[in-house]
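Here's a quick tour of one chain, looking at charged pairs first and at how domains meet afterwards. Have the model open as you read.

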Amino acid sequence: MRPVDDSLARRIEGICPGRVKTRYDLGRHSWWRIGGAVRLLVEPASLAELSALRLVLREAEVASLVIGEMSNLLICDSPINAVAIRLGTHFRAAERIDPVTVSVESGAWVPGLARFLQRQGLTGLEHTCGIPGTLGGLIMMNGGSLRQSIGANVVSVTSIDAAGEMVHRKREDCEFAYRDSIFARLDDVIAKVELRLEPGDPLAARRRMHSILRARRLKFPRKLPNCGSVFKSDPASYADFGPPGAMIERAGWKGVARGGAQVSPLHANFIVNHGAAKAADVLSLIGEIQESVEATCGHRMQPEVRYVDQNGRIWPADRAYRRLLSEGPT
Ligand SMILES: Cc1cc2nc3c(=O)[nH]c(=O)nc-3n(C[C@H](O)[C@H](O)[C@H](O)COP(=O)(O)OP(=O)(O)OC[C@H]3O[C@@H](n4cnc5c(N)ncnc54)[C@H](O)[C@@H]3O)c2cc1C
């Protein structure tokens with residue numbers, strides 16, 4: 001991949017006027033408050049702009065990455081030579097297309113979407129009301145809570161591929177699995193999602209959401225920056241080994257620190273930043289915990305969080321840790 005230079009920046013500014021930021025500090029805006037700046041951040045305002053942008057980036061052979069709220073991303077400490085694409089304020093519309101189906105743009109804030117659906121008398125996504133991300137990030141991760149996942153409500157997903165072409169996929173083609181989807185293996189930008197819900201009582205849905213939020217407030221660390229659950233709580237391994245937090249605690253990691261990062265004393269499947277944590281501190285904890293839990297419990301947990309390297313590539317955090325060991329910081 002080639003470096004992002006000033007002439008490319010000017011071309012991109014021509015496609016997305018006024019919506020290009022130079023050396024944008026991803027770390028300051030990520031939920032972990034860790035990491036460096038990306039060479040350019042671009043916020044397209046329409047599908048046409050997004051398509052044109054993707055085509056130009058491909059022709060220029062420059063790395064790009066798509067970000068949402070960065071509530072599931074660990075950003076590397078060094079400057080990132082890539083173009084970050086964020087579908088922000090211009091991609092948040094939601095409309096009802098029949099009594100039980102809504103079409104929602106991928107930049108929508110998930111807790112806001114859960115409230116919108118509740119007010120519309122549509123139920124099924126209350127479990128997402130406390131997940132601090134965009135719909136695009138949620139679809140990519142097939143996220144959810146309380147043993148539920150967004151994929152169950154998906155009718156179709158529209159994305160823009162690296163050549164700038166629009167692709168429609170029905171749910172069956174999205175390869176949804178536990179905290180995984182086909183989008184983790186593709187280089188597509190998710191733009192729009194059709195969701196099917198059930199008609200239901202808005203008051204009952206509101207009560208359910210309040211009780212979910214109350215339970216999360218009691219259970220999860222809230223005062224220090226974190227990225228939610230670090231390891232996946234896969235239902236299959238849950239049945240045999242219990243939740244990741246319990247395995248991590250049994251292996252003796254609760255409260256253990258590396259640099260400024262610490263396994264939360266409140267919930268062992270969370271890693272918190274005490275203020276000066278480096279991405280390498282978090283990666284070390286993730287890699288060491290994965291190996292130690294496998295040695296003590298016999299189960300290899302899979303990380304939920306993903307790592308952005310200095311070339312803008314996104315990795316599962318455990319693979320990034322092994323690269324860190326063999327090649328040094330990226
Ligand atoms: C306090 C806290 C609690 C959390 N609780 C939960 C929970 O209960 N359940 C859960 O599932 N998750 C949870 N998370 C994790 C996180 O919020 C979710 O994974 C969320 O869906 C990530 O969305 P995002 O917009 O922040 O994506 P990001 O973190 O910015 O990106 C995550 C991945 O999605 C990709 N991506 C983002 N947008 C797009 C797009 N438009 N097209 C293609 N790819 C895209 C990125 O490239 C990246 O690979 C929690 C996080 C925190 C901080």
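There are 17 salt bridges in this structure, and keep in mind that the model is a predicted one. Side chains of opposite charge can pair when their charged atoms come close. Here are three of the pairs, with the N to O distance for each.

| Pair | N to O distance |
|---|---|
| Glu-59 and Arg-11 | 3.8 Å |
| Arg-208 and Glu-126 | 2.4 Å |
| Arg-300 and Glu-294 | 2.5 Å |

Start with the salt bridge between Glu-59 and Arg-11. Glu-59 belongs to helix 3 (residues 47-59) and Arg-11 to helix 1 (residues 6-15), so this pair ties together parts that sit 48 residues apart in sequence. How accessible are the two ends? Glu-59 is exposed, at 54% relative accessible area, while Arg-11 is partly exposed at 43%.

Next up is the salt bridge of Arg-208 with Glu-126. This one also links distant parts of the chain: Arg-208 is in helix 6 (residues 202-219), Glu-126 is in the loop between strand 8 (122-123) and helix 5 (135-141), and the two are 82 residues apart. Is Glu-126 buried or exposed? Glu-126 counts as buried, because its relative accessibility is 7% and the cut-off for buried is under 20%. Its partner Arg-208 is partly exposed, with a value of 40%.

Then there's Arg-300 with Glu-294. Both ends get the label partly exposed: Arg-300 has a relative accessible area of 28%, and Glu-294 has 33%. Elsewhere, Glu-175, Asp-180 and Arg-185 are joined into one network by salt bridges that share partners.

Now for the domains. The chain splits into domain 1 (6-88), domain 2 (90-204) and domain 3 (235-327). Measuring over C-alpha atoms, the centres of domain 2 and domain 3 are 27 Å apart. Their contact draws on six residues from domain 2 and four residues from domain 3.

How much area do domain 2 and domain 3 bury between them? It's about 470 Å², with 63% of that on carbon and sulfur atoms. On the domain 2 side, Met-141, Arg-147 and Tyr-178 lose the most area to domain 3, and together they make up 66% of what that side buries.

What about charged and polar pairing across this interface? Zero salt bridges turn up between domain 2 and domain 3, and the count of residue pairs in polar contact is zero too, with both residues required to be at pLDDT 80 or more. By class, the domain 2 side that touches domain 3 has four nonpolar residues, no polar ones and two charged ones.

Conventions. Residues numbered from 1 in each chain as written. Predicted model: local features only at pLDDT ≥ 70, side-chain atom pairs only at ≥ 80, totals over all residues. Heavy atoms only, no water. Domains from an automatic or database assignment. Contact = heavy atoms within 4.5 Å. Buried area = accessible area lost by both parts, 1.4 Å probe. Salt bridge = Lys/Arg side-chain N within 4 Å of Asp/Glu carboxyl O. Polar contact = N/O pair within 3.5 Å; in protein donor to acceptor, adjacent residues only side chain to side chain. Nonpolar A, V, L, I, M, F, W, Y, C, P; charged D, E, K, R; others polar. Helix = DSSP H or I, 4+ residues; strand = E, 2+ residues; numbered from the N terminus. Buried < 20%, exposed > 50% of the residue type's maximum accessible area, 1.4 Å probe, protein only.
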